[in-house]
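Here is a walk through a structure, one piece at a time. Keep the view open as you read, and turn it whenever a new residue comes up.

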Amino acid sequence: MSLLTTFQSLAARWLNRSRTSDDIEEELRSHIQHRADDLERSGLNPAEAERRARIEFGGSQRFREECHEALGGNFLETLAKDVRFSLRVLRKTPGFTLVAVVTLALSIGANAVVFAALNAFILHPLDLPRAESLYSVHRVTDNSANQSYPDYLDLRDRNRSFEDLAGYNILQAGVDTGETPTRSWLLAVSGNYFDVLGVTPHLGRFFHGSDERGANSAPYIVLTHAYWHSRFQEDPGVIGRTVQLNKHPFTILGVAPPAFRGTLLFFSPDFFIPMVNQEQLEGVNVLEARGTRWIFMTMGHLKAGVTPEQAAADFTSVGSYLETTYPKEHGHWTYVLERPSLYGEYLGGPMRAFLTALMLLAGLILLAACANLGSLFAARAADRSREIALRLALGATRLRVLRQLFTEALLISLMGGALGLWGSVLLLDWLRAWNPFPQFPFYLPVVPDAYVFGVALLLTLASGFLFGAVPVRQVLHTHPYEIIKAGSTGRAGRRITIRDLLLVAQIAICALLVTSSIVAVRGLERSLHGDFGFMPKNAMLLATHMDMAGYRGEAVPVMQKRVLEAMMTVPGVTSVGLVDWPPLTTGDIPGASVFKDETTDLRPANAAVASLIFKISPEYFRTAGSVLLSGRSLTWQDDKDAPSVAVVNQEFARRIFGSAVDAAGQYFKRRDGTRVQVVGIVEDGKYESLTEGPKPVMFLSFLQSPSNQMSVVLRSDADPQHLAAAIRSKLGEVDSGLPYFIQPWSQAMNLVLFPSQAATVALGILGMMAAMLSVTGIFGIAAHSVSRRMRELGIRMALGAQSREVLQAALGRPFKLLAFGSTAGLILGILATRVLSFIVYQATPRDPLVLAGSVLAMFLLGLLATWIPAQRALSANPLTLLREE
Amino acid sequence: MSHQAQLLPGTLDLLILKAVSLGPLHGYGVLLRIGQISQQALLIEQGALYPALFRLVRQGLLKASWGTSDNNRRAKFYELTVPGRKRLREETREWDRLAAAIASALAAEPEKA
């Protein structure tokens, strides 16, 4: 039969469902009447004849269904019937339904979110044409991709493997569109950048390689769609407009398409400019400097037929040409091709490992959820064995019963999947809008695309079938007669089943996560009240960059001093200091090699320590709340005409001079041979991350070592909002053209607190999910064990067993599993703390609160999970139970 | 009824087509006709007849219409269609070939050396 007729028949049956039913009904009735007529003719009375005719005919319901099936319209009808029946059954047990749906929603939601991240960061990171052949060029030697401009040109022109090579660098600039100037992050890119990537403009045009004609020859801007939206309200008239970048005019050429935010994940720049104009933004021309590797990354498409390995060898040969031609600036370097989206393997490797592990964990959670729901389903099927037996006895086929049970399972999984997906879409929306580090243009490109929906649907259906399949064997082995005769029989199994092992594993994982999350929470709590060597509380940071308002050279310290003086007049401010990069606000503080005073051969190999450098104003220590241990602070007299001086921390003094006590007054040497006198010793602190060990640090005067980058620290216990407003107006009086960024120091520390916060949140969420799964798992097994042994329990009680003994009989096994799993999990948790201590500040398992908390949590979970089955076991009334059977 | 044989799977359709080919019949009539032409040797479960009838109608081998039976009761009458007649011929030939093959296989004697 053709597909068309099948379909027509299906549709016709579906539309005429009731008519067909009547038709079948009438025909079967007619058959029985004819048979009864015959029987009557053979001498039976009419009533008896009809009865006999009915009996001979057999189970008419079964034939009715088979008739429907033969007519072909049965599938949808049966489905509709099954769905209605399942909904009724599920409504009758709202607790079960809720637990099942929420469990699935959480686990499928978690999988969807993790997969969305995996998809966005690893599987399909760049929405660009031919993304699969796009590679960035990295040096193996120092694991870095940066290049100087002359080297970039040589690599671009001398390689034979890439169609073309583009490069970009990340810069900040002050943007003046005629209103208040603001600070922006941008990409300074090579002229061929858009052409190499194959991006086409959303509006206007892009610049090209042909626009570059030497330094500062291409003052053009291409806006990202997001910035065009937020800053220019999508006004198409911005094309051709001139804006000021660091006081230099640039013309807006076009707008990039919405999906394009450069090629570096998590970083969302405001606009793009040609890198030949870098001098206008950075103040120094580095286009000719072969040793200054300021280009962040270079990348391009492989030519057809060239493998990444061949291309890497090609770049390495260009590298050796550069090495022989410019020996002063070049070492012996080999190159490798990697993916540009996460800075090659540098971020990509750990990210892939982390997300794969997370995906695995999420998958395990879903699997555990399915196992739990499976055992809940099996327990229900056992409870419903009478109903099933009755339906089998009435002529339902086993297939039909199974079909109904699967419909029930799939209904639950679809509800759970839909709820989970909805939740994950909300979470992803929130994540995209989320920026924990307002000083950076951070963006999580997690978009729930077709892949995410597909995977969620697949997981939903798979898990429905998976846990729906658990009771299959049970139903197939149901003997209606036996069950109705004997009631559900419970064989008290002593065998260790796979389900038991799975549950122990689940409880162990749960205990592990609970322990780890308590450790993480404790660590986070400590890190918020920790000793950093400064006091972030009640300190406000005003970050700005002198270049952005066009200040250069001698003018910089003068202007900085004026800003400091203006800030002193802000009401409520008790103290004001300046520092180039405030500690714990960036993971990348500049440093330098330091030599002992007696060292004469200042080769890098002879350096005593690598020290971090902070450039500060004299009042910085007092304002930051750092304690000066001996000597003096820097003063305004330590200017560029005075001898070089520094304040160092204890660790620096210990490493260079052997002790912190008599370091004041001694000298050390910088790389260029300058002798620097130590005038004071300041306490040690945390500078780049909370988990770092003691680091040697020197503090130099901003008058002796100028820096365009600056943050003013203001100590005040005034309300941050009012304070920020007052700072804004004072700064406007000094220079209204100076872009700035104001935030409390504690908020700026989010960047370094982020790993431990993220770990705490991730562990907390996973721990909660694991806890929930353990509860449903234990509940399932306890409920099953109680319901199977109700009769036995009733007899025990009838024979005089005490509540305690009944509970022991009913719940002994689940509790044993719980105790076993928890112990294993706690031990694992204590071991895992070693790993955690890399991310979490002062993570230690030898914290009585952690141990007590974990044990208590697991105990409560067990209590929660077994409460209802225990109540049911205790309510076993021997009389009713025995009568019921 | 122990002398009645169970139907081989697949043969019910053939029997129905044959019964109906002898003249239009209602469901119960089909049952009686099969009994009659097989000399009561074949056992057909009464209810099982209808799914088979419906299947044949859906395949276009039979057509059905409501009418009145000899007992003066409403009944649905089945008639062979042209494809039904063709199918009956094919199936009969097929069956003959199968029956002959099985008969000859069962009649085989051990070969003499």
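Among contacts in chain B between residues at least 6 apart in sequence, 51% join residues at least 24 apart. A contact here is a pair of residues whose C-beta atoms, placed from the backbone, lie within 7 Å. Before going further: this is a predicted model, where local features need pLDDT of at least 70 and side-chain atom pairs count only at pLDDT 80 or more, while totals for chains, interfaces and linings use all residues. Residues are numbered from 1 along each chain as its sequence is written, and chains are lettered from A and ligands numbered from 1 in the order in which they are written.

Let's stay with chain B. Four helices and five strands make up its secondary structure; these are DSSP runs numbered from the N terminus, with helices being H or I of at least four residues and strands E of at least two. Along the sequence they follow the pattern β-α-β-α-β-α-β-β-α. Of this chain's 113 residues, 27% count as buried, meaning that 20 or more other C-beta atoms lie within 10 Å of the residue's own (12 or fewer makes it exposed, anything in between partly exposed; C-beta atoms are placed from the backbone).

Now look for the open sheet of three strands in chain B, with the order β2-β5-β4 and antiparallel pairing. Strands count as paired if DSSP finds at least two bridges between them. In general, strands of a sheet pair through backbone hydrogen bonds, either parallel or antiparallel. At the edges of this sheet sit β2 (25–26) and β4 (62–68) of chain B, each pairing on one side only. Two bridges tie β2(B) to β5 (residues 74–80) of chain B, and B:His26 stands opposite B:Phe77 in β5(B). Across β4 and β5 of chain B lies helix α3 (residues 49–58) of the same chain, running at about 120° to β4(B). That angle is taken between N-to-C directions on a scale from 0 to 180 degrees, with axes fitted as lines to C-alpha atoms, for helices over the stretch in contact.

Where do the two chains meet? In all, 21 residues of chain A are in contact with 18 residues of chain B. On the chain A side, the elements giving two or more residues are α2 (17–41), α3 (46–57) and α4 (60–71). The largest share, eight residues, comes from α2(A). By type, the residues on this side of chain A split into seven nonpolar, eight polar and six charged. For that count, Ala, Val, Leu, Ile, Met, Phe, Trp, Tyr, Cys and Pro are nonpolar, Asp, Glu, Lys and Arg are charged, and the others, Gly among them, are polar.

Chain A itself is divided into domain 1 (3–72), domain 2 (131–341), domain 3 (348–528 + 753–884) and domain 4 (539–746), with bounds from an automatic or database domain assignment. The C-alpha centres of domain 1 and domain 2 of chain A lie 79 Å apart.

Next, find strand β9 (residues 297–301) of chain A. Five of its five residues are buried, so β9(A) is largely enclosed by the rest of the structure. A:Met297, A:Met299 and A:His301 point one way from β9(A), and A:Thr298 and A:Gly300 point the other way. Strand β1 (residues 134–139) of chain A runs antiparallel to β9(A), joined by three bridges, and A:Leu134 stands opposite A:His301. Three bridges also link β9(A) with β2 (residues 166–176) of chain A, again in the antiparallel sense; here A:Tyr168 faces A:Met297.

From β2(A), you can step to β3 (residues 182–189) of chain A over eight antiparallel bridges. A:Ala173 has A:Ser184 as its bridge partner there. Five residues lie between the strands of this hairpin, where A:Gly178 takes a positive phi near 105°. Four bridges then join β3(A) to β8(A), this time in parallel, with A:Leu186 partnered by A:Phe271.

Also in β8 (residues 271–274) of chain A is A:Pro274. Why does A:Pro274 count as buried? Because A:Pro274 has 24 C-beta neighbours inside 10 Å. Leaving aside neighbours within four places in sequence, its contacts include A:Val189, A:Phe207 and A:Tyr220.

Notes:
Contact = placed C-beta atoms within 7 Å.
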